[in-house]
Amino acid sequence: MYVRKSSSSLVSLCRLPANVQALRPVTLGLFELTAFAFGFIRSHSSVRLRLNSGKQKSFRALVPDSCFMHLIDNAINRSHFNQVNARVLVSGLRCHGFLVTKLVNGYARVGEMRYARDLFDDFPDPDVFLWNAIIRCHSRHNLFRDALGLYSKMQLLWVSPDSFTFTCVLKACSALPALEMGRRVQCQIFRRGFDSDVFVQNGLVTFYAKCGEIELANKVFWRLSERTIVTWTSMISGYVQNGQPLEALRVYGQMRKTNLKPEWITFVSVLKACTDVEGLEGGESIHGCAIKMGFELEPDLIVAFTAFYAKCGLVTVARLFFDLVETPNLVLWNAMISGYSKNGLAHEAIALFRRMVKKNVILDSISVTSTISACGQVGSIDLAKWMDEYIASSEFKDAVVVNTALIDMYAKCGSINLSRDVFNRTKDKDVVMWSAMIAAYAVHGEGQEAIDLFKAMRKAGVPPNDVTFVSLLSACKHSGLVEDGWKLFHCMSEYSIQPRHQHYACVVDLLGRAGYLDRAYEFIRNMPMEPGLSIWGALLTACKIHQHVPLGELAAERLFSLDPYSTGHHVQLSNIYASARMWDRVSKLRVLMKEKGLSKDLGYSSIEINGKLQVFQVGDKSHPRFKEIFDELESLERRLKEAGFSIDAESVLHDLDHEETEETLCNHSERIAIAYGLISTPPGTTLRIIKNLRACVNCHAAIKLISKVENRVIVVRDANRFHHFKDGNCSCGDYW
DNA sequence: GTAGGGTTAG
């Protein structure tokens, strides 16, 4: 062995007095340790080193391999693997492949990939162990293409892969995913006789599952003569990842018939399957099993339970799990935040996010996107701006996923312009972002903008997907662009996109709202699939708008058989009868609803004044300023009448879709919110209202006029879309 | 060595 003289620090270290105590391995990095050992070994017959365990160990001089082994281990264990000069070492270790392998692993563990690669590249004749190490560490650092490249190079050099090589290579193929490459690897596995190696075969199951080839995964799975718990878990998670939770649960059932004991990690996938089929009971029974098996405090299973209960709507139970953990990890925080957000508890989600920031927890894009989505639900433009500013000053400001969420947020807060700003400033837009922007135009009733954006998208060379077309068709239906929508639907095949049920529903809506009821019904009858709830629902809505009783009854009949307990469908049919003044049928339907125990959703509207969200119900007198509010309502009513406004009281009183009133019609929740907004803000301020139900016909007409007599822009988000009222008109063109 | 949980567009 020799020491390269060019390393000055090494040379100076070598001149250190040869005193073991002075070495102080605890404080030195591997470089110093190694260098010192070189010098020491050259001048002494034996070496005593104090290791991290506190023990002392002797090495005979000129037997440096075992000495190095311990030095390296010691450094790895103490995370002292950061100051090493690879090239100095390699010149000393040229003949010791297994030490280089150890070093490569060590470097990879502390993230020093460049050193690992340099070390490897300098080594003249790597054996299979060293190849495995370098492939594995590239794979661990998400450098999958490099890992596969190294594997190809290894074959060119006639080094025979072993089972460890194959597991690493398959992992890289799964992560990319690289289906063709994986298939070739499978051939090699077969040729080299690893077709019964359970580790390799587990890798194959995962590989096919991650490539979406679940049937091939299944084939590998059943061909195996021996299956470990990892094999079963791989198969179960494979089905979950491929959207077949029921199959996953079936496989889990089969696994339970064997003598294999599930691992906690098995339960993670089974829980996900239960979540996907909304199988609360199944998940609860898993919970029981986990307790019996002593897994209930397994930290990562707590994360899975939190996510499971949150997604099933039991947010409180999820929170109990969350609170079990003293210092939650990132995934747990994210599971709880998104749990709140997905269950409509937007304020809780935001509060938790703020706590996370306060505690200086390192965030990732998932934490912020979940919170952004919550901000969109709240609908407050001030909150939205706060979030946008936060993102702008963070590392996520260029993340496409995050900016996509911002686009959606601003659109939901009523500001399509701010959505567009985010869209414009984002580089490298993907299909999701384009679709989100198109969808934003859709809910704001700007159909032509949506279509123009689609053209720009094609020009930019981004291929649309099925969701893009849902957004586009929805934009057309909100704007009455019947022919454009019809053409778009029929050009989907040009992009090799198979229309799904949702696309058909959009077309029915498109035709129906425009008054082509027969054409819509004909379209339904020619559908290649069984029409479901959304199809008949769209037809029913169209029949309500155009007062078509027979077709409305037909649609309602289908809906009642598919979903007997939906309030909305009964209410809509009742509205059709009411608009046709068929009062006897209206009252019959009311009796039926009472028998079924159905009652209407309570309507409410909210408005934000000075950063405080105020919620009003119909006829709400709970606000401290209710007297002023109702005075304003009255005077508003007077001014509307002067401007020539009249209401169609009879039909409205039977219009069960909206809030029933005991008194007059002018105290619907959105009007109270507007009155409150008028007395609480300076003239000319835009009012932004959020309503949980669809806008009522009379209120819609009234708000148009209010916007004119009060000279205000009023933005209303109803259950379906946005209405921008200005100068006596609405952006929906009375088409909603 | 192989298995897992939390994100964005409708």
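Okay, let's start with the surface near DNA strand B, which by class has 17 nonpolar, 18 polar and 10 charged residues. Before I go on, keep in mind that this is a predicted model.

So which residues come nearest to the strand? Of the 45 residues around DNA strand B, the nearest are N202, D300, N334, D364 and R500. If you look at the DNA side, sugar and phosphate make up 44% of the strand B atoms that come within 4 Å of the protein.

Let's zoom in on a few contacts. D364 is on that nearest list, and an N or O atom of the D364 side chain sits 2.3 Å from a base nitrogen of DNA strand B. N465 also has a side-chain N or O atom by a base nitrogen of the strand, this time at 3.0 Å. With K171 we're at the backbone of the DNA: a polar atom of the K171 side chain is 3.0 Å from a phosphate oxygen. Hold on to K171, we'll meet it again.

Now, the repeats. An unreviewed UniProt entry puts the feature "repeat: PPR" at residues 127-161, 228-262, 329-363, 430-464 and 465-499. Take 329-363 as one of them: that stretch is 74% helix and 0% strand, with its end C-alpha atoms 10 Å apart. For 430-464, we get 74% helix, 0% strand, and 10 Å between the end C-alpha atoms.

On to the pockets. The largest pocket holds about 870 Å³ of space. Where does it lie? Domain 1 (500-599) and domain 2 (604-730) both contribute lining residues, so the largest pocket lies between them. It has 30 lining residues, and T541, Q572, R694, A719 and N720 are nearest its centre. Helices α28 (466-479), α30 (501-513), α32 (533-545) and α34 (567-579) each bring at least two residues to that lining, and α28 has the largest share, with 6. By class, the lining splits into 10 nonpolar, 13 polar and 7 charged residues.

Then there's the second largest pocket, at about 590 Å³. Here 20 residues form the lining, and here's K171 again, nearest the centre along with T167, F199, G203 and T206. The elements giving two or more residues to this lining are α8 (128-140), α10 (163-175), α12 (198-210) and α14 (229-241). Which of them gives the most to the lining of the second largest pocket? That's α10, with 7 residues. The classes here come out as 8 nonpolar, 8 polar and 4 charged.

And to close the loop on K171: it lines the second largest pocket, and its side chain also reaches a phosphate oxygen of DNA strand B at 3.0 Å. That's my tour, thanks.

Notes: Residues are numbered from 1 along each chain as its sequence is written. Chains are lettered from A and ligands numbered from 1 in the order in which they are written. This is a predicted model: local features need pLDDT of at least 70, side-chain atom pairs count only at pLDDT 80 or more; totals for chains, interfaces and linings use all residues. Side-chain values use heavy atoms; hydrogens and water are left out. UniProt positions are given in the numbering used here, feature names are shortened, and annotations may be inferred rather than shown by experiment. Helices (H or I, at least four residues) and strands (E, at least two) are DSSP runs, numbered from the N terminus. A residue is near a molecule or strand if one of its heavy atoms lies within 4 Å of it. A polar contact is a pair of N or O atoms within 3.5 Å; within protein, one must be able to donate a hydrogen and the other to accept it, and residues adjacent in sequence count only if both atoms are side-chain atoms. Ala, Val, Leu, Ile, Met, Phe, Trp, Tyr, Cys and Pro count as nonpolar, Asp, Glu, Lys and Arg as charged, and the others, Gly among them, as polar. On a 1 Å grid over the protein atoms alone, a cavity is a set of points where a 1.4 Å probe fits but cannot get out, and a pocket is an open set with protein on both sides within 12 Å along at least five of seven lines; lining residues have an atom within 4 Å of a point. Grid points are joined across faces, edges and corners, and a volume is the space filled by probe spheres set on the points. Domain bounds come from an automatic or database domain assignment.
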